[in-house]
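Please open the model in your viewer and keep the sequence panel beside it. The tour below goes from one selection to the next and says what is to be found at each stop.

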Amino acid sequence: MGTDQAAAAGPLSGEPRRHEENRRSRKRILLYTKFFVFLVFLLRAFVFPRAQESGKTVADGVYTDAQAARGAAVYDTACAGCHRADLGGGTGPALRDQRFARQFAGKDLRAFFTKIATTMPRNAPASLGDNVYLDIVAHLLKENGFPAGSQELTADTLDGVGVLPGRSKPAPPIGGFSYVEVVGCLAPGPQHTWLLTHASEPVVPAAGAPPPASAAAARPLGGATFHLLDAMAYAPEAHAGHKMYVRGLLIKLPDEKRIAISAFEMLAPQCGAP
């Protein structure tokens, strides 16, 4: 065999060797890429929250009202100082509305539970016990507008439950000792009392809305009558026959309805009652 033939059969050197190394490097990168894609596929198939498989969500009643009530009591003492009683956020982040949706929606309920159980309260994280944290989760779900069910939330039922963006809470039923607002006609009653006649049905004021709320000012009159407690403190004689806005505590008695006034403002100098 000649010298040239031996050189051709020996190890590569120079430019051919660099080409071979580049080829092998590209091959390794391709293999690593395929492996990474396969790994992601496995994670999505087997590790990603099982909520996608079951289709169950927090809207399906995954806690009970009693559990949420227990959670509310603990939240008030352990969490409200940072997150506020209404979950609106203070020194800690909000736990409702857009912040709730941005942080938790689309995830598994276990991720929601784990986040709370490992970070709250701020000065003593993971100190309350799993059952207590489950109660707090139930309270937060209720405050975000999700309905209660017949079974309590447990550690075994967290998986496979999808978290949705929070929903508007239904307005609480209006009963005795509800805080309400009404509009009506101011009229004198018997024995130096004052009445709101032709009044609208009472509604719960919008949270944080100063009186009179614009929606209330435009509300039409109705057929209700309310005995106004402590009306004398508001110089009612100057507003006799006027359309008035009243906000306060509703007290229902067998023979009449009363309102303990907290806000009292004129809306129009003529009532326009039917």
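Which residue forms a disulfide with Cys185? Select Cys185 and Cys271 in this predicted model, and you will find that these two form the disulfide, with their sulfur atoms 1.6 Å apart. The count of disulfides comes to 1. Cys185 lies in strand β3 and Cys271 in the segment after β7, so the bond ties together parts that are 86 residues apart in sequence. If you display the torsion about the S-S bond of Cys185 and Cys271, you should read about -80 degrees, so the disulfide is left-handed. Both Cys185 and Cys271 are buried.

Next, select Cys79 and Cys82. Why is there no bond between them? The sulfur of Cys79 is 8.3 Å from the closest cysteine sulfur, which belongs to Cys82, and this is too far for a bond, because a disulfide requires sulfur atoms within 2.5 Å. Cys79 is buried, with a relative accessible area of 1%, whereas Cys82, at 23% relative accessibility, counts as partly exposed.

Return now to strand β3, residues 179-188, and add strand β6 to the selection; the two pair in the antiparallel sense over 7 bridges. To see one point of this pairing, pick Val182, whose bridge partner in β6 is Val246. Strand β6, residues 243-252, is mostly covered, since 8 of its 10 residues are buried. Adding strand β7, residues 257-268, shows a further antiparallel pairing with β6, this one over 10 bridges, in which Tyr245 stands opposite Glu265 of β7. Strands β6 and β7 form a hairpin, with 4 residues between them.

Staying in this region, select Glu256 and Arg258, which form a salt bridge whose closest N and O atoms are 2.4 Å apart. Glu256 counts as partly exposed at 27% relative accessibility, and Arg258 likewise counts as partly exposed at 28%.

What does the side chain of Glu181 meet in a salt bridge? Display Glu181 together with Arg219, and the two side chains will be seen to meet at 3.6 Å, N to O. Glu181 lies in strand β3 and Arg219 in the loop between α9 (214-217) and β5 (224-229), so this pair ties together parts that are 38 residues apart in sequence. Both Glu181 and Arg219 are buried.

A further stop among the salt bridges, whose count comes to 10, is the pair Arg84 and Asp86, with side chains that meet at 2.9 Å, N to O. Arg84 is partly exposed, with a relative accessible area of 41%, and Asp86 counts as partly exposed at 34%. If you extend the selection to Arg96 and Asp97, you will have the four residues Arg84, Asp86, Arg96 and Asp97, which are linked in a network of salt bridges.

Finally, select helix α8, residues 130-143. Its 14 residues reach 20 Å from the first C-alpha to the last, close to the 20 Å expected at 1.5 Å a residue. Among the buried residues of α8 are Tyr133, Asp135, His139 and Leu141. Which helices do the buried residues of α8 pack against? Add α4 (65-78) and α7 (109-119) to the view, since these are the helices against which they pack. Just after α8, end the tour at Gly145, which takes a positive phi of about 90 degrees.

Key: Residues numbered from 1 in each chain as written. Predicted model: local features only at pLDDT ≥ 70, side-chain atom pairs only at ≥ 80, totals over all residues. Heavy atoms only, no water. Expected span 1.5 Å × (residues − 1). Buried < 20%, exposed > 50% of the residue type's maximum accessible area, 1.4 Å probe, protein only. Contact = heavy atoms within 4.5 Å. Pairing = 2+ DSSP bridges.
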